[in-house]
Amino acid sequence: IFKFIMKIENCTFIDAMKLLAGRYGIPVPERQKSALEMKREKQRERIFEINATAAKFFQACLLNTQYGKPALSYLLGRGVDQKIIDSFSIGYALDSFGALLTNLGRRGYQPNELLAAGLTAKGKTQFYDKFRNRVMIPIKDPKGRIVGFGGRVLDSSTPKYLNTAETELFNKRNTLYAINYLKKQRQQGPIPYVIVVEGYMDTISL
């Protein structure tokens with residue numbers, strides 16, 4: 001039973017046990033966490049929080065600024081309308097080395113925290129935004145929490161797609177884009193088949 005839950009929920013044994021215990025009202029004793037475990041857990045929650053805040057900023061840049069109009073035109077040209085933009089939380093990173101740093105800095109997030117989240121990089125003397133002039137596509141875990149971003153260029157810059165660097169939350173090899181939508185679909189009943197495509201925009205277009 002536990003292996004079955006671990007596979008269909010893509011979770012650890014502990015998470016499967018807690019899920020089943022919660023479903024049947026069985027209390028689960030919690031062991032005392034070490035200081036290192038509590039620190040790591042706090043860091044993970046902070047990165048989730050930063051990613052969610054960054055996604056809101058990117059979406060505001062796409063929908064509410066003049067700078068986002070070319071990105072919005074690109075999306076509309078690909079058949080991605082407002083409903084789809086909202087569903088996938090799509091946004092736009094301004095063509096700036098410091099827009100995200102400044103905006104999130106006003107909300108109390110430090111440059112080192114954004115670096116830990118994979119949203120900034122560090123030069124010889126200062127931090128700078130990693131994503132610039134790109135359509136921003138949040139990557140979510142099975143629970144729908146944002147673990148990273150994929151950014152698509154609007155010009156001839158390379159690489160065409162740029163992903164969040166590996167973090168406490170994001171590991172590209174172990175992450176399947178749109179897995180959270182598959183989970184929602186499964187809750188409605190058996191899934192007869194699954195279509196796997198190459199890129200973010202391929203998934204969104206479908």
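Which helix gives the most to the lining of the largest pocket? Here are my notes, with the answer in point 2. Keep in mind that this is a predicted model.

1. **The largest pocket.** Start with the open space that has a volume of about 1,600 Å³. Its lining takes in 41 residues. If you want to find the middle of this pocket on screen, pick out T12, D15, R44, K143 and R145, the lining residues that lie nearest its centre.

2. **Who builds that lining.** The answer to the opening question is α3, which contributes seven residues, the most of any element. α3 covers residues 35–64. At least two lining residues each also come from α1 (2–9), α2 (13–23) and α8 (179–187).

3. **What the lining is made of.** Sorted by class, the walls of the largest pocket hold 19 charged residues, 16 nonpolar ones and six polar ones. Try colouring by class and you should be able to pick out these groups.

4. **The second largest pocket.** This one holds about 1,000 Å³ of space. It is lined by 35 residues, and those nearest its centre are Y177, A178, I195, V197 and T203. Two or more lining residues come from each of α5 (82–88), β6 (161–163), α8 and α9 (200–205). The largest share belongs to α9, with five residues.

5. **Its class make-up.** What kinds of residue line the second largest pocket, by class? There are 22 nonpolar residues, seven charged and six polar. Set that beside the largest pocket, where the lining has 16 nonpolar, 19 charged and six polar residues.

6. **A patch on the surface.** Y193, I195, V197 and L206 make up a nonpolar patch on the surface, and together they have about 480 Å² of accessible area. Two of these names should ring a bell: I195 and V197 are also among the lining residues nearest the centre of the second largest pocket.

7. **A closer look at V197.** This residue sits in the loop between α8 and α9. Why is V197 classed as partly exposed? Its relative accessibility is 32%, so it falls in the class between buried and exposed.

8. **The largest cavity.** Now for the closed spaces: the structure holds two cavities of 30 Å³ or more. The largest has about 40 Å³ of space. Lining it are F88, P138, K140, Y177, A178, N180 and Y181. β4 (134–140) and α8 each give two or more of these residues. By class, the lining has five nonpolar residues, one polar and one charged. Y177 and A178 turn up here, and they also appear near the centre of the second largest pocket.

9. **The second largest cavity.** This cavity has about 30 Å³ of space, and its lining consists of F57, F58, A93, L94, A99, L100, D129 and F131. The elements giving two or more residues are α3 and α6 (99–106). Seven of the lining residues are nonpolar, one is charged and none is polar. So you meet α3 again, after seeing it in the lining of the largest pocket.

10. **One loop residue to finish.** T125 is found in the loop between β2 (120–122) and β3 (127–129). Is T125 buried or exposed? It counts as exposed, because its relative accessibility is 73%. Measure across to E37 on your screen: the two residues are 88 apart in sequence, and their C-alpha atoms are 32 Å apart in space.

Key: Residues numbered from 1 in each chain as written. Predicted model: local features only at pLDDT ≥ 70, side-chain atom pairs only at ≥ 80, totals over all residues. Heavy atoms only, no water. 1 Å grid on protein atoms, 1.4 Å probe; cavity = no way out; pocket = protein on both sides within 12 Å on 5 of 7 lines; lining within 4 Å. Points joined across faces, edges and corners; volume = space filled by probe spheres on them. Helix = DSSP H or I, 4+ residues; strand = E, 2+ residues; numbered from the N terminus. Nonpolar A, V, L, I, M, F, W, Y, C, P; charged D, E, K, R; others polar. Patch = residues over 30% accessible without salt bridge, like charges linked within 9 Å, V, L, I, M, F, W, Y side chains within 5 Å. Areas by Shrake-Rupley, 256 points an atom, 1.4 Å probe, with all protein chains shown as cover. Salt bridge = Lys/Arg side-chain N within 4 Å of Asp/Glu carboxyl O. Buried < 20%, exposed > 50% of the residue type's maximum accessible area, 1.4 Å probe, protein only.
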